[in-house]
Amino acid sequence: MPGAAVQPVRRRDRRGRGPRGPLMPATMPAYRTRAERFDDLVLDAVERLERRWARQLDGTEFAVEDVPPSNPAPWERGGVPLGRYFPADAGLPARIVVYRRPVEARAHDPLDLADLVRDVVVEQVAHMLGRSPEDVDPGYDAGD
């Protein structure tokens with residue numbers, strides 16, 4: 001447009017250092033945050049269950065929250081919940097929430113964390129479907 005002032009393209013930040021790059025290369029394990037890795041574990045567990053229960057899980061939302069709310073549900077006694085199932089209500093879809101910090105606190109190592117996340121997701125899906133966790137996932141082992 002004639003007469004319009006053209007803004008120069010800034011190639012450096014205000015201190016003259018230039019654009020900042022990522023702190024870690026994408027190939028390093030620390031590139032992804034702990035929360036992002038936890039989200040991936042939940043997605044893996046959900047994908048595994050969706051292969052068998054796709055129709056029943058259709059429309060169900062899965063979420064990760066850091067900690068559960070401080071007010072426990074009426075059916076929860078003692079301890080901190082690792083996950084919760086919220087039935088569909090008033091136009092809202094059914095929702096399963098996994099609480100990251102309580103789950104991480106109970107895991108001994110990354111392999112144990114993956115197993116625990118899978119167990120929590122299976123237990124909540126079982127609650128939603130009105131089935132036992134063993135029916136939902138034959139690999140589920142309550143003895144862990």
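**Reading a helix pair, a pocket and a buried threonine**

Q: Which residues in α1 meet which residues in α3?

A: Happy to start there, and keep in mind that this is a predicted model. From α1 come Phe-38, Leu-41, Val-42, Ala-45, Val-46, Arg-48, Leu-49, Trp-53, Gln-56 and Leu-57, and they meet Leu-113, Ala-114, Val-117, Arg-118, Val-121, Val-122, Val-125, Met-128 and Leu-129 of α3. Sorted by class, the residues of this contact comprise 16 nonpolar, 1 polar and 2 charged.

Q: At what angle do α1 and α3 pack, and how far apart are their axes?

A: The general idea first: a pair of packed helices is described by two values, the angle between the axes and the distance between them. In this model, α1 spans residues 34–57 and α3 spans residues 110–129. Their packing angle is about 35 degrees, and the axes lie 9 Å apart.

Q: Is the crossing of α1 and α3 left-handed or right-handed?

A: The α1 and α3 crossing is right-handed.

Q: Let's turn to empty space. What volume does the second largest pocket have, and which residues line it?

A: In general, a probe the size of a water molecule is rolled over the atoms, and this shows where empty space is left. Here the second largest pocket has a volume of about 160 Å³. Its lining consists of Arg-34, Arg-37, Phe-38, Leu-41, Glu-104, Ala-107, Asp-109, Pro-110 and Leu-113. Phe-38, Leu-41 and Leu-113 also take part in the contact of α1 with α3.

Q: Which helix gives the largest share of that lining, and how do the residues divide by class?

A: The largest share comes from α1, with 4 residues. Both α1 and α3 supply at least two lining residues each. By class, the lining of this pocket holds 5 nonpolar and 4 charged residues, with no polar ones.

Q: Now a single residue. Where does Thr-60 lie, and is Thr-60 buried or exposed?

A: Look in the loop between α1 and β1 (61–65), where Thr-60 lies. The cut-off for buried is under 20% relative accessible area. Thr-60 has a relative accessibility of 13%, so Thr-60 counts as buried. Leaving aside residues up to four places away in sequence, Thr-60 touches Ala-94, Ile-96 and Met-128. Met-128 is one of the α3 residues in the contact with α1.

Q: And the whole chain: what pattern does it follow along the sequence?

A: The order is α-β-β-β-α-α-α, from 4 helices and 3 strands. Of the 144 residues, 31% are buried. Among contacts with a separation of 6 or more, 54% join residues 24 or more positions apart.

Key
Residues are numbered from 1 along each chain as its sequence is written. This is a predicted model: local features need pLDDT of at least 70, side-chain atom pairs count only at pLDDT 80 or more; totals for chains, interfaces and linings use all residues. Side-chain values use heavy atoms; hydrogens and water are left out. Axes are lines fitted to C-alpha atoms, for helices over the stretch in contact, and angles run from 0 to 180 degrees between N-to-C directions. A crossing is left-handed if the near helix is turned anticlockwise from the far one by less than a right angle, and right-handed if clockwise. Contact means heavy atoms within 4.5 Å. Ala, Val, Leu, Ile, Met, Phe, Trp, Tyr, Cys and Pro count as nonpolar, Asp, Glu, Lys and Arg as charged, and the others, Gly among them, as polar. On a 1 Å grid over the protein atoms alone, a cavity is a set of points where a 1.4 Å probe fits but cannot get out, and a pocket is an open set with protein on both sides within 12 Å along at least five of seven lines; lining residues have an atom within 4 Å of a point. Grid points are joined across faces, edges and corners, and a volume is the space filled by probe spheres set on the points. Buried means under 20% relative accessible area, exposed over 50%, partly exposed in between (1.4 Å probe, protein chains only).
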